[in-house]
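Hi,

Here's the structure I promised to pass along. Have a look at it first, and then read on for my notes.

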Amino acid sequence: TPAFSEMEVYYVEWEGRTFGGVKPHRGTPADPKGRYEFGTLTSFAYPIEDSEEVLVVATTRLETMLGDTGVAIHPEDPRYTHLHGKFVIHPFNGRK
């Protein structure tokens, strides 16, 4: 038996940047036909507290960043070990 959420999912494969409708949403004013854009990777930066450094992240779901409450890094990734125990600042609302 499929999960309830899977009952409402249409499995569509798109290549690259594509605009499509999402029922029952009215869409976005960014598109003349009110569709959403899929397949676009957007990057943005979280400033590191008490530093000039930023942590750049990328997502295909930019709208979810408004609810971000933390950023996870792999504890053994040498690129980020200097960030263990540090705070990032949300770029829109200033929360740590």
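To start with one residue: does Thr18 count as buried or exposed? Keep in mind that this is a predicted model. Thr18 comes out as buried, because its relative accessibility is 16% and the cut-off for buried is under 20%. You'll find Thr18 in strand S1, which covers residues 18-20. Setting aside neighbours within four places in sequence, Thr18 is in contact with Tyr36, Glu37 and Phe38.

Now the overall picture. The protein has 1 helix and 4 strands, and their order along the sequence is α-β-β-β-β. There are 96 residues, and 15% of them count as buried. About 8,100 Å² of the protein is exposed, with carbon and sulfur atoms supplying 54% of that area. As for contacts between residues at least 6 apart in sequence, 30% of them join residues at least 24 apart.

The part I'd zoom in on is the hairpin of S3 and S4. Strand S3 (residues 42-47) runs antiparallel to S4, and 6 bridges join the two. Across that pairing, Tyr46 stands opposite Leu55 in S4. Between the strands of the hairpin lie 6 residues, and Asp50 takes a positive phi near 60° there.

Tyr46 and Leu55 also turn up together in the largest nonpolar core. That core has 7 residues, and the other members are Phe44, Ile48, Met65, Leu83 and Val88. In soluble globular proteins, nonpolar side chains do tend to be buried together.

Which residues does Val88 touch, not counting those up to four places away in sequence? The list is Tyr46, Pro47, Ile48, Leu55, Val71, Arg95 and Lys96. Among them, Tyr46, Ile48 and Leu55 are fellow members of the core.

Next door in sequence is Phe87, in the segment after strand S4 (54-59). Phe87 counts as partly exposed because its relative accessibility is 44%, and that category lies between the 20% and 50% cut-offs. Leaving out residues up to four places away in sequence, Phe87 touches Pro47, Ile48, Glu49 and Lys96. Glu49 is 38 residues from Phe87 along the chain, yet their C-alpha atoms are separated by 5.5 Å.

If you open the model yourself, Phe87 and Val88 are a handy pair to display, since both touch Pro47, Ile48 and Lys96.

Cheers

Methods
Residues numbered from 1 in each chain as written. Predicted model: local features only at pLDDT ≥ 70, side-chain atom pairs only at ≥ 80, totals over all residues. Heavy atoms only, no water. Buried < 20%, exposed > 50% of the residue type's maximum accessible area, 1.4 Å probe, protein only. Contact = heavy atoms within 4.5 Å. Areas by Shrake-Rupley, 256 points an atom, 1.4 Å probe, with all protein chains shown as cover. Pairing = 2+ DSSP bridges. Core = buried A, V, L, I, M, F, W, Y, C linked by side-chain atoms within 4.5 Å.
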